[in-house]
Amino acid sequence: MSEVLNIRPERPDDAAAVRALLDAAFGGDTESQVVERLRADGDFVLSLVAENGEGIAGYVGFPRLVLRLDERNVPVAGLAPVGVSPPLQRRGIGGALIRDGVARLKDRAERLVFVLGDPAYYGRFGFTVMEGFLSPYAGPYFQALLLAPDAPKAGRVSYPRAFDGL
Ligand SMILES: CC(C)(COP(=O)(O)OP(=O)(O)OC[C@H]1O[C@@H](n2cnc3c(N)ncnc32)[C@H](O)[C@@H]1OP(=O)(O)O)[C@@H](O)C(=O)NCCC(=O)NCCS
């Protein structure tokens, strides 16, 4: 991509542009509403935007999830949603957002990230199906990425309430 892309944490004044971007990327407002609920509930570990010269071209959110393991609650991260402006898709923006976000999570000593999505896409970032993790979403689309050798490899994953009813 020739254009310069700046990836940075989301700011409060990005909210309207992020909403418009997600509505365009997903063709509806389900994902933007989840993002707004996650923000209101303080349930994001991290959210990033990709800016080009014209504005916000992409967005990725990493909500706080909880892993229940041996009667303990272990905080972990999710990856959802990720969206890129339709005319700018397939130029590496989604991949750049995911790689940058995962690197930032690692720097913050996060150990585990879950995603629900196409393994053909998320496999390239290292996400794999791991049998030990239980979730209502478990199956071929529910994948994990271990960020540290000592990351838990089993447990029951729960999503914050913004995802209720999806
Ligand atoms: C999915 C999405 C975020 C990827 O971002 P992007 O900037 O277009 O993707 P990148 O340029 O980093 O990567 C392009 C590669 O991803 C693949 N790809 C894109 N979307 C894909 C999908 N939904 N499933 C599988 N592969 C996909 C493309 O085939 C391409 O691979 P190839 O060039 O080897 O064929 C973006 O296409 C998008 O916003 N889609 C609509 C919203 C959505 O489905 N989000 C994901 C679910 S949370």
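Trainee: Where is the place of alanine 109 in the chain?

Mentor: Keep in mind that this is a predicted model. Alanine 109 comes just after helix 3, and its phi is positive, about 70 degrees, although it is not a glycine. As for its place, look in the loop between helix 3 and strand 6 (112-116).

Trainee: Is alanine 109 buried or exposed?

Mentor: Count the other C-beta atoms within 10 Å of its own: a residue with 12 or fewer is called exposed. Alanine 109 has 8 of them, so it is exposed.

Trainee: Let's step back to the whole chain. What pattern does the chain follow along the sequence?

Mentor: The secondary structure comes to 4 helices and 9 strands. Reading along the sequence, you get β-α-α-β-β-β-β-α-β-α-β-β-β.

Trainee: And what is the radius of gyration of the chain?

Mentor: The globule rule gives 15 Å for 166 residues, and the chain comes close to that, so it is as compact as a globular protein of that length. Its C-alpha atoms fill a box of roughly 50 × 30 × 30 Å along the principal axes. The radius of gyration itself is 15 Å.

Trainee: What share of the contacts with a separation of 6 or more joins residues 24 or more positions apart?

Mentor: One pair that is distant in sequence is arginine 39, in helix 2, and alanine 162: they are 123 residues apart in sequence and 9.3 Å apart in space, C-alpha to C-alpha. That pair is just an illustration of separation, since a contact needs C-beta atoms within 7 Å. For the chain, the share you asked about is 63%.

Trainee: Now helix 1. Which residues of helix 1 are buried?

Mentor: Helix 1 has 12 residues and reaches 16 Å from its first C-alpha to its last, close to the 16 Å expected. Its buried residues are Val18, Leu21, Leu22 and Ala25. They cover an arc of only 95 degrees around the axis, which puts them on the same side of helix 1. So the names to look for on that side are Val18, Leu21, Leu22 and Ala25.

Trainee: What covers the buried residues of helix 2?

Mentor: Start with who they are: Glu31, Ser32, Val34, Val35 and Leu38. Down the axis they fall within an arc of 155 degrees, so they line one face of the helix. The cover includes helix 1, strand 2, strand 3 and strand 5.

Trainee: Which residues are exposed on the other side of helix 3?

Mentor: First find the buried ones, which are Ile93, Gly94, Leu97, Ile98, Gly101, Val102 and Leu105. These fall within an arc of 160 degrees, so they line one face of helix 3. On the other side, the exposed residues are Ala103 and Asp107.

Trainee: Which residue just after helix 2 takes a positive phi?

Mentor: There's a similar spot to look at just after helix 1, where glycine 27 has a positive phi of about 65 degrees. Just after helix 2, a phi of about 65 degrees belongs to glycine 42.

Trainee: How many other C-beta atoms lie within 10 Å of arginine 90?

Mentor: Arginine 90 sits in the loop between strand 5 and helix 3. Its phi is positive, about 65 degrees, although it is not a glycine. Arginine 90 counts as exposed, and the number of other C-beta atoms within 10 Å is 8.

Trainee: Which peptide bond is cis, with omega near -10 degrees?

Mentor: Go to the loop between strand 4 (72-79) and strand 5, where proline 81 lies. The cis bond leads into that proline, from alanine 80 to proline 81.

Trainee: Last one: which residues come nearest to the ligand?

Mentor: The shell around the ligand has 9 nonpolar, 6 polar and 3 charged residues. The elements giving two or more residues to it are helix 1 (15-26), strand 5 (82-84), helix 3 (93-107) and helix 4 (119-122). Of the 18 residues around the ligand, those that come nearest are Gln89, Gly94, Gly95, Asp118 and Tyr121.

Notes: Residues numbered from 1 in each chain as written. Predicted model: local features only at pLDDT ≥ 70, side-chain atom pairs only at ≥ 80, totals over all residues. Rg over C-alpha atoms; globule rule 2.2 N^0.38 Å. Contact = placed C-beta atoms within 7 Å. Near = placed C-beta within 6 Å. Nonpolar A, V, L, I, M, F, W, Y, C, P; charged D, E, K, R; others polar. Expected span 1.5 Å × (residues − 1). Buried ≥ 20, exposed ≤ 12 C-beta atoms within 10 Å, placed from the backbone. Arc of directions from axis to C-beta.
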